[in-house]
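Colleague: I am new to this structure and would like a close look at one part of it. Please take the aromatic rings and what surrounds them.

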Amino acid sequence: VNADDYYHVAFFFFAFGLITWLPLFVINVQRFIVTFAPDQMRITMWIWMAPPAIALPTYLALKAQICSCDPWAGDVVPYILLYTTIVFYLILVALTVIHFFGNDKFGEAW
């Protein structure tokens, strides 16, 4: 059995991870907006950038495996993941500049 035969399984787990990320992100954002998270929890907002940042190279690798074309060509998904990551990064940098994360030292976030 060739390793190339398992790209459907890889896409299944990729899709599962991406679909579960969306509701978990919404729940996490709601927790920060409604409950006004303390300063120790605010630093965990940086984790919001990780799922789309990891999903982009994963998607490009999976797509390059199933076609012999440029994975960026004719597909909007990589651009959505790229610009989502960039927007999260810029928002978090702006929040850092205005000292949103507080002056606390690093502590236990849970």
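Modeller: What follows goes from the chain as a whole to its ring pairs, and then to the helices that carry them.

The model is a predicted one. Its chain has four helices and zero strands, and from the N terminus on the elements run α-α-α-α. Of the 110 residues in the chain, 25% are buried. Among the contacts with a separation of 6 or more, 66% are between residues 24 or more positions apart. The accessible surface comes to about 7800 Å², and carbon and sulfur atoms account for 73% of it.

Now the rings. A pair of aromatic rings is described by the distance of the centres and the angle of the planes. Searching the whole structure gives ten aromatic pairs. One of them joins Phe-14 and Tyr-59, with 5.9 Å from centre to centre and 35 degrees between the planes, which is a tilted arrangement. Phe-14 belongs to helix H1, residues 7–34, and Tyr-59 to helix H3, residues 50–66, so this pair links distant parts of the chain, 45 residues apart. Both Phe-14 and Tyr-59 are buried.

A second pair is made by Trp-46 and Tyr-89; here the centres are 6.4 Å apart and the planes are at 65 degrees, an edge-to-face arrangement. Trp-46 sits in the loop between helix H2 (39–42) and H3, while Tyr-89 sits in helix H4 (residues 77–97), so the pair ties together parts that lie 43 residues apart in sequence. Trp-46 has a relative accessibility of 29% and therefore counts as partly exposed. Tyr-89, at 42%, also counts as partly exposed.

Tyr-89 has a further role in the description of the surface. Together with Val-76, Tyr-79, Ile-80, Tyr-83, Ile-86 and Leu-90, Tyr-89 forms a nonpolar patch on the surface, and the accessible area of these residues together is about 700 Å².

Some rings are joined into a group. Trp-21, Phe-25, Phe-32, Trp-48 and Phe-88 are linked by ring pairs into a cluster. Phe-25, one member of this cluster, lies in helix H1. Leaving aside residues up to four places away in sequence, Phe-25 touches Trp-48 and Phe-88. Phe-25 and Ile-47 are 22 residues apart in sequence, and their C-alpha atoms are 9.9 Å apart in space.

Helix H3, which carries Tyr-59, can be checked for length. The 17 residues of H3 should span 24 Å at 1.5 Å a residue, and the C-alpha atoms at its ends are 25 Å apart, which agrees. Which residues of H3 are buried? They are Pro-52, Ala-55, Leu-56, Tyr-59, Leu-60, Leu-62 and Lys-63. H1 and H4 are included in what covers the buried residues of H3.

Lys-63 leads to one last pair, this time of charges. Side chains of opposite charge can pair when their charged atoms come close. The whole structure holds one salt bridge. Lys-63 forms a salt bridge with Asp-75, and the closest N and O atoms are 3.3 Å apart. Since Asp-75 is in the loop between H3 and H4 and Lys-63 is in helix H3, the pair ties together parts twelve residues apart in sequence. Asp-75 and Lys-63 are both buried.

How values were computed:
Residues are numbered from 1 along each chain as its sequence is written. This is a predicted model: local features need pLDDT of at least 70, side-chain atom pairs count only at pLDDT 80 or more; totals for chains, interfaces and linings use all residues. Side-chain values use heavy atoms; hydrogens and water are left out. Rings of Phe, Tyr and Trp (its six-membered ring) pair if their centres lie within 6.5 Å; planes under 30 degrees apart count as stacked, over 60 as edge-to-face and the rest as tilted. Helices (H or I, at least four residues) and strands (E, at least two) are DSSP runs, numbered from the N terminus. Buried means under 20% relative accessible area, exposed over 50%, partly exposed in between (1.4 Å probe, protein chains only). The expected span of a helix is 1.5 Å times one less than its number of residues. Contact means heavy atoms within 4.5 Å. Patches are made of residues with over 30% relative accessible area and no salt bridge: like charges are joined within 9 Å, nonpolar side chains (Val, Leu, Ile, Met, Phe, Trp, Tyr) within 5 Å. Accessible areas come from the Shrake-Rupley method with a 1.4 Å probe; for residues, only the protein chains shown count as cover. A salt bridge is a side-chain nitrogen of Lys or Arg within 4 Å of a carboxyl oxygen of Asp or Glu.
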